[in-house]
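Me: I am new to reading protein models, and I would like to go through one slowly with you. Could we take a few kinds of feature in turn, with the general idea before the case?

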Amino acid sequence: MTRPELATAATDAFARIHGGAPDGLWSSPGRVNLIGEHTDYNEGFVFPFAINRHTVVAARLRDDRMVRVSSGLRDGVEEVAIDDLAPDALGGWSAYALGVIWAAGQLGTDLSEARGLDLHVESDVPLGAGLSSSAALEGAVAVAIDELWGLGLDRRTLARIGRLAENEAVGAPTGIMDQSAVLLGQRDSGVLLDCRSLESTIVPLAFEAQGLAVLVIDTRVEHAHANGGYAERRASCERGAAGLGVSSLRDVAVDDLERAEQVLDEETFRRVRHIVTENARVLAVVDALRDSGPRSIGPLLAESHASMRDDFEISVPELDLAVSTAVAAGAIGSRMTGGGFGGAAIALVERDDLASISQRIHEAFAAAGFTEPATFEVLPSQGATRV
Ligand code: ADP
Ligand code: MG
């Protein structure tokens, strides 16, 4: 769906469910991480961009203190009084939306006089595919309340509100990458985020300007973040940092790896090597984009994937096949993206090659007997905004 179609769908559903017209429509994109995986909780660098897939929220102020929220993807209306908002009182999908309102109160917004809201959500960001439908939902609600309640909050504060909602109201221990990407993104640009200082820099990608496109290959393999793998990798990183006498792996340089190999056990060393080299690759991509343009970043994407496959061991055969097939079919570069253990890969391709590369990937998955992947194009896009 295009954004105008989403806006129409949201307006129609709003009228059906809540009655009448909304005061306005706000939208937030999903995001793709171009490079920098598992570096966020090591106080390192990530480099995501907002995409041209959106969550649109139709919103209207009420005369009482109730918040009522519905979604085109879910039955029914969830409702809670502003005074009853608390993490324990929230659950299910609506915790992402209602949690944003609670989190705004936690981060300094005075909710004591705030009017209630009717909200309806429509989205074409696939859920759970690693494109951050969760941050898209949080971002759309955050910009809606910011304007409807006249809060005048800056984008960084809105990102912190979204993250707090996700951490406390939903209970997902994520960093601030997703919310930063969807709130700060700019057309044809990426958001370089330093996860230690939380400084962000908009870096032109020039994919669109140079006739390139990003192909997303959603393997449809369920990622099991919450369990096992993710927690284990975090623990490895903490063990590695402790073994090297630093507070986080951000403080380990590529030149320190020789010493790290002597101090750490073999597996912990490989986990550390991924983080340390990945941080360096994020900065190298930014330099390469500036000095040589987007066609020069292919080898760095390839190294990133190999590091996740061999050192961090978070890839799966479907992701490896997507990446190797994309490159064999002519992609400039390709890597898995997101937390791993399933989810999506991305390939940077010449716009003219999109269809043929996509077809080769479908053929390769069929030949391997894998579930058919979903493949689609994304463009680096503007962050959350009023529609
Ligand atoms: P991702 O962010 O990668 O898409 P998450 O598990 O973090 O995956 O977030 C997905 C969850 O967010 C869904 O299961 C659902 O609870 C909620 N969600 C996101 N967008 C919507 C929406 N438009 N309508 C209802 N729930 C949504
Ligand atoms: Mg998410």
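Reply: Let us begin with burial, since much else leans on it: a residue is called buried when its relative accessible area is under 20%, exposed when that area is over 50%, and partly exposed in between. Please keep in mind throughout that this is a predicted model.

Me: Is Arg271 buried or exposed by that rule?

Reply: Arg271 has a relative accessible area of 4%, and therefore it counts as buried. Glu267, by contrast, has a relative accessible area of 34%, so Glu267 is partly exposed.

Me: Which residue forms a salt bridge with Arg271, and how far apart are the closest N and O atoms?

Reply: A salt bridge asks for a side-chain nitrogen of Lys or Arg within 4 Å of a carboxyl oxygen of Asp or Glu. Here Arg271 is joined to Glu267, with the closest N and O atoms 3.7 Å apart. Both residues lie in helix 8, which covers residues 266-292, and they are four residues apart, about one turn of the helix. The pair also belongs to a network of salt bridges that links Glu266, Glu267, Arg270, Arg271 and Glu313.

Me: How many salt bridges does the rule give?

Reply: The count comes to 27 salt bridges. One of them joins Arg196 to Glu43, and the closest N and O atoms of that pair are 2.7 Å apart. This pair links distant parts of the chain, 153 residues apart, with Arg196 in the loop between strand 6 and strand 7 and Glu43 in the loop between strand 1 (24-35) and strand 2 (45-61). Arg196 is partly exposed at 35% relative accessibility, and Glu43 is partly exposed as well, with a relative accessible area of 29%.

Me: Which other pair links distant parts of the chain?

Reply: Consider Arg115 and Asp63, which form a salt bridge whose closest N and O atoms are 3.1 Å apart. They are 52 residues apart, Arg115 being in the loop between helix 2 (94-106) and strand 5, and Asp63 in the loop between strand 2 and strand 3 (66-71). Arg115 is partly exposed, with a relative accessible area of 39%, whereas Asp63, at 76% relative accessibility, counts as exposed.

Me: What should I make of a charged residue that has no such partner, and where does Asp124 lie?

Reply: One looks for the nearest opposite charge, and then for other polar atoms around the side chain. Asp124 lies in the loop between strand 5 (117-123) and helix 3 (133-148). Asp124 is buried yet has no salt bridge, and the nearest side chain of opposite charge, that of Arg53, is 4.8 Å away. The backbone nitrogen of His54, however, lies 2.7 Å from a polar atom of the side chain of Asp124. If its neighbours within four places in sequence are set aside, Asp124 is in contact with Met1, Leu6, Arg53 and His54.

Me: How are strand 6 and strand 7 arranged?

Reply: Strand 6 (residues 189-194) and strand 7 (residues 200-204) pair in the antiparallel sense, over five bridges. Within this pairing, Val191 stands opposite Ile202 in strand 7. The two strands form a hairpin with five residues between them, and Leu198 in the turn has a positive phi of about 65°.

Me: Why is a positive phi worth pointing out?

Reply: It is worth pointing out because most residues other than glycine have a negative phi. Glu43, which is not a glycine, has a positive phi of about 60°. Phe341 is not a glycine either, and has a positive phi of about 60°; Phe341 is found in the loop between strand 9 (333-337) and strand 10 (344-350).

Me: How many residues surround ligand 1, and which are the closest?

Reply: There are 17 residues around ligand 1, and the closest are Ser71, Gly128, Ser132, Ser133 and Ser134. To go further, one asks which atoms face each other. A polar side-chain atom of Ser71 lies 2.7 Å from a nitrogen atom of ligand 1, while a polar side-chain atom of Ser133 lies 2.7 Å from an oxygen atom of the ligand. In the case of Ser134, an N or O atom of the side chain is 2.9 Å from an oxygen atom of ligand 1.

Technical notes: Residues numbered from 1 in each chain as written. Chains lettered and ligands numbered in written order. Predicted model: local features only at pLDDT ≥ 70, side-chain atom pairs only at ≥ 80, totals over all residues. Heavy atoms only, no water. Pairing = 2+ DSSP bridges. Buried < 20%, exposed > 50% of the residue type's maximum accessible area, 1.4 Å probe, protein only. Lys, Arg positive; Asp, Glu negative; His and termini not counted. Polar contact = N/O pair within 3.5 Å; in protein donor to acceptor, adjacent residues only side chain to side chain. Contact = heavy atoms within 4.5 Å. Near = heavy atom within 4 Å.
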